[in-house]
Amino acid sequence: MMDVDSYRWRPPKTNYLPHNIDMDPVVEEFEIPLGRASDHENAAYFEKMKLAAQEFNIVRPKGYTVSYHATSEMEKHHFGQTHPMKPWRLTLTKSLVTAYGMPFAMDNYNTRHATYEELNSFHSSDYLDYLATAAPEDQPRDLDNPDKDVKFNLGGSDCPLFHGLYDYCSMSAGTSLDAARKICNKQSDIAIAWGGGLHHAKKSEASGFCYINDIVLAILQLLRLYPRVLYIDIDVHHGDGVEEAFFSTDRVMTVSFHKYQPEVFFPGTGGLNDNGPKSEHNPGAHHAINVPLNDGITDEQYEHLFKSIIGQVNTTFRPSAIALQCGADSLAGDRLGRFNLKVEGHAACVRFCKSLGIPMILFGGGGYTPRNVARAWAYETSIAIGADQNIPAEIPQHAPWRQHFVHETLFPTLEQSMSEPRNNKNTEKRLRDIVAHVHEQLRFVQHAPSVQSSIIPPDLGPVRDEVEERLKEERGEREGDEVERRVKEQGLGVEGEMAV
């Protein structure tokens with residue numbers, strides 16, 4: 001019998017592939033074994049979301065707008081059975097965000113793929129061409145031979161060539177670019193892109209599970225409007241790709257908090273004295289701040305360190321926009337991380353940055369224990385919309401895949417997150433020395449550096465407008481507009497009688 005599903009009409013893909021190649025990339029997707037909800041089940045869940053929003057007083061924040069940028073197609077991809085990166089963590093994050101009713105307090109965007117031209121605004125053409133056309137490989141090339149050479153660092157255990165790789169990269173970059181454009185268009189004050197944050201990718205090389213540096217692409221977009229952008233990285237790994245991309249400019253200051261043990265811990269860069277170009281004549285001198293940390297740092301230490309450094313950076317550099325990478329591998333119990341941070345300590349960084357009142361993008365990043373990644377990003381979403389004091393600690397009973405969280409709380413203890421907390425190797429004297437060093441470096445930073453740029457990043461406006469208009473027609477967004485209109489008529493997400 002003919003498989004009817006295989007002949008369903010599908011809208012054509014947008015032209016986001018290289019123009020100078022003839023072969024089509026392999027875009028087979030990995031289907032996660034979760035099943036698909038029926039229309040009836042989706043409608044029932046939507047009603048539960050509405051009740052949760054009313055019960056927890058989830059309303060749109062006053063005085064500013066929050067937007068949420070995602071595409072569910074990213075969640076279907078798979079790096080490999082033994083690879084620590086699990087895109088399914090985005091599914092778990094969505095389950096918590098929706099279960100608490102948070103979407104009613106935000107503008108929610110189903111983002112498109114980034115085009116080839118958009119990716120090419122930072123990444124080299126030869127790298128993108130290979131990324132788009134390399135055949136997927138079920139087994140990493142260096143599995144049997146660790147010294148085997150791989151082109152552009154693609155195909156090894158670190159950055160495997162999995163099915164649908166170029167699609168995945170384009171979607172990740174698309175979420176971050178959409179967030180940046182909503183900030184630039186003044187449509188949003190805080191834009192959330194948990195599918196982005198891949199901070200290790202270089203111009204012509206994949207690195208550390210990162211293939212496309214969506215953060216760099218987003219910051220290039222921000223620089224078209226904002227004089228100075230502050231990039232902050234709280235991933236457990238050094239944000240080397242972003243630092244390298246903006247190494248010689250005074251319009252971007254990068255600040256990375258990370259574990260530093262160069263002999264054994266990836267990527268081995270980001271020492272305390274690595275503060276940008278050594279030449280004082282280079283505009284980027286002193287505009288790279290690195291905060292190297294040891295195993296076991298606690299919430300209290302991390303929060304104090306973060307506020308002491310970012311507070312002074314804000315005073316000195318005077319950023320006009322913030323790009324905050326919220327890598328969740330710095331949480332306790334992470335598969336690769338080594339800190340003793342709880343969800344509350346990680347989220348304190350988001351809360352402090354929000355208090356500065358500067359337009360901000362929240363990116364995802366690392367995080368290899370999916371249930372804890374979802375907890376952190378969901379709670380940080382609640383901080384963005386100002387609902388962190390309203391939502392209960394107990395995960396709602398109707399949350400999809402609730403059993404995967406093991407513990408029913410949004411805020412697991414260290415004992416619940418890991419069998420035994422790691423020995424804290426960060427002495428108070430060491431932390432004081434780090435703060436003193438950073439403050440000394442900031443003395444060399446001129447206030448409000450020049451907004452002039454010798455190379456203006458391309459906007460690609462005509463290309464973007466054409467693609468977005470085509471997608472609007474193909475995906476029937478007019479129907480979605482009608483659904484959104486009906487939701488607004490119900491008054492959901494608008495402060496009313498039940499608000500306090």
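Contact here means heavy atoms within 4.5 Å. The model is predicted, so local features need pLDDT of at least 70, side-chain atom pairs count only at pLDDT 80 or more, and totals for chains, interfaces and linings use all residues. Residues are numbered from 1 along each chain as its sequence is written, and side-chain values use heavy atoms, without hydrogens and water.

**Exercise 1.** State which residues UniProt lists for "binding site" and how they lie in space.

Solution. The unreviewed UniProt entry lists D235, H237 and D329; such annotations may be inferred rather than shown by experiment. These residues are spread over 95 residues of sequence but cluster in space, with a largest C-alpha distance of 8.2 Å.

**Exercise 2.** Place D329 and describe its surroundings.

Solution. Step one: D329 sits in the loop between β7 (321-325) and α9 (343-355), where strands (E, at least two residues) and helices (H or I, at least four) are DSSP runs numbered from the N terminus. Step two: D329 has 0% relative accessibility and therefore counts as buried (under 20% relative accessible area, 1.4 Å probe, protein chains only). Step three: leaving aside neighbours within four places in sequence, its contacts include D235, V236, H237 and Y368. Step four: a polar atom of the D329 side chain lies 3.0 Å from the backbone nitrogen of V236.

**Exercise 3.** Decide whether H237 is buried or exposed, and locate it.

Solution. H237 belongs to the loop between β4 (229-233) and α7 (240-245). Its relative accessibility is 7%, so H237 counts as buried. Not counting residues up to four places away in sequence, H237 touches D329 and H199, among others.

Definitions and conventions:
Buried means under 20% relative accessible area, exposed over 50%, partly exposed in between (1.4 Å probe, protein chains only). A polar contact is a pair of N or O atoms within 3.5 Å; within protein, one must be able to donate a hydrogen and the other to accept it, and residues adjacent in sequence count only if both atoms are side-chain atoms.
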